[in-house]
Amino acid sequence: MLVFIGEKDFIVKGIRIHSNKEEVIDRLDNLVLLEREPENDDDSNAIEVFMKDDRQKIGYIARDDAAILAPIFDKNMTGVKKMTHKTRLIDVCDSMTATVRVKFYYIRDEQGGNSYDELMQALDL
């Protein structure tokens with residue numbers, strides 16, 4: 001059973017480097033994918049942002065925000081936390097930054113556990 005936890009906005013950096021600002025503006029409110037890139041040389045918490053429909057890379061979650069999100073994604077991948085999300089591109093701030101809104105859902109199962117509370121605390125929701 002999916003349980004809506006809440007939503008939070010995160011900054012995306014590097015738009016000018018990875019895509020065209022005008023193309024990104026034309027795609028506001030589209031779904032995007034967040035993908036961990038732990039082998040990134042500049043930031044071990046790196047999270048790439050792609051348009052969902054064609055996987056066009058638009059940038060990276062800002063370093064401070066990635067530091068919050070990466071551990072959640074990593075623990076989810078190993079099954080410690082059960083979380084999913086739906087992410088939309090909601091704003092293009094300038095030529096280098098945009099904003100994505102992430103809606104977090106907890107996958108509740110019969111085993112329960114404290115993953116839900118940990119997720120709420122980590123996201124400050």
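1. Let me start with strand 3, since it is the part I would look at before anything else. All five of its five residues are buried, so the strand is largely enclosed by the rest of the structure. Keep in mind that this is a predicted model.

2. Which residues of strand 3 lie on each side, and are they buried or exposed? Ile47, Val49 and Met51 are on one side, Glu48 and Phe50 are on the other, and every one of them is buried, which leaves both faces of the strand covered. As background, side chains in a regular strand alternate between the two faces of the sheet.

3. Now the neighbours of strand 3. Strand 2 runs antiparallel to strand 3 and is joined to it by five bridges. Strand 4 is also antiparallel to strand 3, with three bridges between them. Phe50 is a handy landmark here: Leu33 stands opposite Phe50, while in strand 4 the bridge partner of Phe50 is Lys57.

4. Next, have a look at the turn. Strand 3 and strand 4 form a hairpin with five residues between the strands, and Arg55 has its place in that loop. The phi of Arg55 is positive, near 60 degrees, and this residue is not a glycine. Arg55 counts as partly exposed because its relative accessibility is 40%, and buried would require a value under 20%.

5. What does the charged end of Arg55 sit over? It is the ring of Phe50, with 4.4 Å to the ring centre. So Phe50 turns up again: this residue belongs to the buried set of strand 3, and its ring has the charged end of Arg55 over it. As for aromatic pairs, the count for the model is zero.

6. On to the core. The largest nonpolar core has 22 residues, and the members that touch the most other members are Val49, Ile61, Leu89 and Val100. Two or more residues of this core come from each of strand 1 (2-13), strand 2 (31-36), strand 3 (47-51), strand 4 (57-61), helix 3 (63-77), strand 5 (83-92) and strand 6 (97-107). In general terms, nonpolar side chains tend to be buried together in soluble globular proteins.

7. Val100 is worth clicking on. Setting aside neighbours within four places in sequence, Val100 is in contact with Lys8, Asp9, Phe10, Val12, Val32, Val49, Ile61, Thr87, Arg88, Leu89 and Ile90. That list includes Val49, Ile61 and Leu89, which are named with Val100 as the core members touching the most others.

8. Then there is Thr99, in strand 6. Is Thr99 buried or exposed? Its relative accessible area is 10%, so Thr99 is buried. With neighbours within four places again left out, the contacts of Thr99 are Asp9, Phe10, Ile11, Arg88, Leu89, Ile90, Asp91 and Cys93. Thr99 and Leu28 are 71 residues apart in sequence, but their C-alpha atoms are 9.8 Å apart in space.

9. Finally, the whole chain. The protein has four helices and six strands, and along the sequence they follow the pattern β-α-α-β-β-β-α-β-β-α. Of its 125 residues, 41% are buried. Among contacts with a separation of 6 or more, 59% involve residues 24 or more positions apart. The exposed surface comes to about 7,000 Å², and carbon and sulfur atoms supply 46% of it.

How values were computed. Residues numbered from 1 in each chain as written. Predicted model: local features only at pLDDT ≥ 70, side-chain atom pairs only at ≥ 80, totals over all residues. Heavy atoms only, no water. Core = buried A, V, L, I, M, F, W, Y, C linked by side-chain atoms within 4.5 Å. Buried < 20%, exposed > 50% of the residue type's maximum accessible area, 1.4 Å probe, protein only. Contact = heavy atoms within 4.5 Å. Phe/Tyr/Trp six-rings, centres within 6.5 Å; stacked < 30°, edge-to-face > 60°. Lys NZ or Arg CZ within 6 Å of the ring centre and 35° of its normal. Pairing = 2+ DSSP bridges. Areas by Shrake-Rupley, 256 points an atom, 1.4 Å probe, with all protein chains shown as cover.
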